[in-house]
Amino acid sequence: MMNVMNRRYINKLDLRHVRKKKIKEVAKKGIGEQVRISGVVTAISNRWLNRPNYHVLDSSGEINVCMFVAPRVSIRCGDQIEVVGTLRWVLGFKKKEKRIWGLQLVKIPSPS
């Protein structure tokens with residue numbers, strides 16, 4: 001039930017104004033800023049919690065994306081995705097790192 005309520009709220013957000021950037025550029029932005037990236041999924045964790053984490057790689061670097069709500073489409077390693085979200089600090093095992101708290105995720109179809 002909570003996931004349905006969260007999805008309804010997120011679907012109402014207008015995030016068209018957020019321009020796509022390379023991951024290296026996004027990492028330089030401030031905490032709380034809205035960002036849009038695209039890249040290839042290299043690893044997935046916490047799927048069973050319904051808040052999956054995706055490691056996303058583009059030509060400039062890699063970043064972790066923690067989804068606020070699990071996407072309706074199935075995402076696998078190797079899939080190309082586009083994510084819109086906000087930057088947050090997360091305390092990792094060794095250091096503090098920036099992650100994207102994902103609000104919207106779109107799977108980009110592979111060219112046939």
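A salt bridge is a side-chain nitrogen of Lys or Arg within 4 Å of a carboxyl oxygen of Asp or Glu. By this rule the count here comes to five salt bridges.

The model is predicted: local features need pLDDT of at least 70, side-chain atom pairs count only at pLDDT 80 or more, and totals for chains, interfaces and linings use all residues. Residues are numbered from 1 along each chain as its sequence is written, and side-chain values use heavy atoms, with hydrogens and water left out.

**Exercise 1. Find which residues Lys20, Arg36 and Glu82 pair with, and what the pairs form.**

Step 1. Lys20 forms a salt bridge with Glu82, with 3.8 Å between the closest N and O atoms. This pair links distant parts of the chain, 62 residues apart: Lys20 is in the loop between α1 (2-11) and α2 (23-27), and Glu82 is in strand β4 (residues 80-91). Helices (H or I, at least four residues) and strands (E, at least two) are DSSP runs, numbered from the N terminus.

Step 2. Glu82 also forms a salt bridge with Arg36, where the closest N and O atoms are 2.9 Å apart. Arg36 lies in strand β1 (residues 34-45) and Glu82 in strand β4, so the pair ties together parts that are 46 residues apart in sequence.

Step 3. Salt bridges that share partners join Lys20, Arg36 and Glu82 into one network.

Step 4. Side chains of opposite charge can pair when their charged atoms come close.

**Exercise 2. Sort Lys20, Arg36, Lys29 and Glu33 as buried or partly exposed.**

Step 1. Set the cut-offs: buried means under 20% relative accessible area, exposed over 50%, and partly exposed in between (1.4 Å probe, protein chains only).

Step 2. Lys20 has 49% relative accessibility, so Lys20 counts as partly exposed. Arg36 has 14%, so Arg36 counts as buried.

Step 3. Lys29 and Glu33 form a salt bridge, the closest N and O atoms being 3.7 Å apart. Lys29 is partly exposed, because its relative accessible area is 24%. Glu33 is partly exposed as well, with 34%.

**Exercise 3. Describe the surroundings of Arg99.**

Step 1. Arg99 lies in strand β5 (residues 96-108). With a relative accessible area of 18%, Arg99 is buried.

Step 2. A polar contact of 3.1 Å joins the side chains of Arg99 and Glu97. Such a contact is a pair of N or O atoms within 3.5 Å; within protein, one must be able to donate a hydrogen and the other to accept it, and residues adjacent in sequence count only if both atoms are side-chain atoms.

Step 3. Not counting residues up to four places away in sequence, Arg99 touches Ile63, Asn64, Cys66, Thr86, Leu87, Arg88 and Val90. Contact means heavy atoms within 4.5 Å.

**Exercise 4. Locate Ile75 and Ser38, and list residues in contact with each.**

Step 1. Ile75 is in the loop between β3 (61-67) and β4, and counts as buried at 3% relative accessibility.

Step 2. Leaving aside neighbours within four places in sequence, the contacts of Ile75 include Val41, Ile44, Tyr54 and Leu105.

Step 3. The C-alpha atoms of Ile75 and Pro52 are separated by 9.8 Å, and these residues are 23 apart along the chain.

Step 4. Ser38 lies in strand β1 and counts as buried at 15% relative accessibility. Not counting residues up to four places away in sequence, Ser38 touches several residues, among them Lys20 and Glu82.
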